[in-house]
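Please examine the structure below alongside the explanation that follows. The text begins with the strands and then turns to the side chains.

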Amino acid sequence: MGYKEAGTQSSRTVDWEKEKEIEGVLLQVKEDVGENHSRLYIIEVEGEKVSVWGTTVIDAKMLEVKVGAKVKITFNGLKDSPKRKGKQYRDFIVMFDDEGVEGQTDAIDKTFGGPYNDDSPTPINDDEVPQ
């Protein structure tokens, strides 16, 4: 196995305005990233590492997805917030296949406490999660 230079293995970030869907294998979940202390999901898509920034909706739905699982995230457009008149949020559909994936049960929940845990740095806002 050959050496790789640290800091050069960066991935591209999904732009949901240009790319409506990505599908691949969840490699890693990073917590407390950037100035907004967000989650960052690293997904291998056709041999390329792709970064997906967490949102309230994505974070809530990714609770069930194990590292190593196949995952498909689809941008489902802007939706009107049911509790915040005049406000909209980005909706996403998250599908996954974790058959044969062992080990860590929840990429976020076990490792980072999950958004429903009172200790979580990024609590879920109920009015932004589709019912």
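**Strands and salt bridges**

Strand 1 and strand 4 pair in the parallel sense, over 2 bridges. The model in which this pairing is found is a predicted one. Within the pairing, Thr13 stands opposite Ser51 in strand 4.

These two strands belong to an open sheet of 6 strands, whose order is 1-4-3-2-5-6 and whose pairing is mixed. At the edges lie strand 1 and strand 6, the latter covering residues 88-97, and each of these pairs on one side only.

The next topic is the charged side chains. In general, side chains of opposite charge can pair when their charged atoms come close. In this model, the count of salt bridges comes to 7.

One salt bridge joins the side chains of Arg12 and Glu48, with a distance of 3.0 Å from N to O. This pair links distant parts of the chain, since Arg12 lies in strand 1 (residues 12-13) and Glu48 in strand 4 (residues 48-53), 36 residues apart. Strand 1 and strand 4 are thus connected by this salt bridge as well as by their parallel pairing.

Arg12 also forms a salt bridge with Glu19, and here the closest N and O atoms are 2.9 Å apart. Arg12, Glu19 and Glu48 are therefore described together, as a network of salt bridges.

How exposed are the members of this network, Arg12, Glu19 and Glu48? Arg12 has a relative accessibility of 30% and counts as partly exposed. Glu19 is partly exposed because its relative accessible area is 21%, a value that lies between the limits of 20% for buried and 50% for exposed. Glu48, at 34% relative accessibility, is likewise partly exposed.

A further salt bridge is formed by Asp15 and Lys18, with the closest N and O atoms 3.9 Å apart. This distance falls within the 4 Å cut-off for a salt bridge. Its two partners fall into separate classes of accessibility: Asp15 is partly exposed, with a relative accessible area of 31%, whereas Lys18 counts as exposed at 73%.

The last residue to consider is Thr74, which is found in strand 5 (residues 70-80). Is Thr74 buried or exposed? Thr74 is buried, because its relative accessible area is 19% and buried means under 20%. Leaving aside residues up to four places away in sequence, Thr74 touches Lys20, Glu21, Asp91, Phe92 and Ile93.

Note on methods:
Residues numbered from 1 in each chain as written. Predicted model: local features only at pLDDT ≥ 70, side-chain atom pairs only at ≥ 80, totals over all residues. Heavy atoms only, no water. Buried < 20%, exposed > 50% of the residue type's maximum accessible area, 1.4 Å probe, protein only. Helix = DSSP H or I, 4+ residues; strand = E, 2+ residues; numbered from the N terminus. Contact = heavy atoms within 4.5 Å. Pairing = 2+ DSSP bridges.
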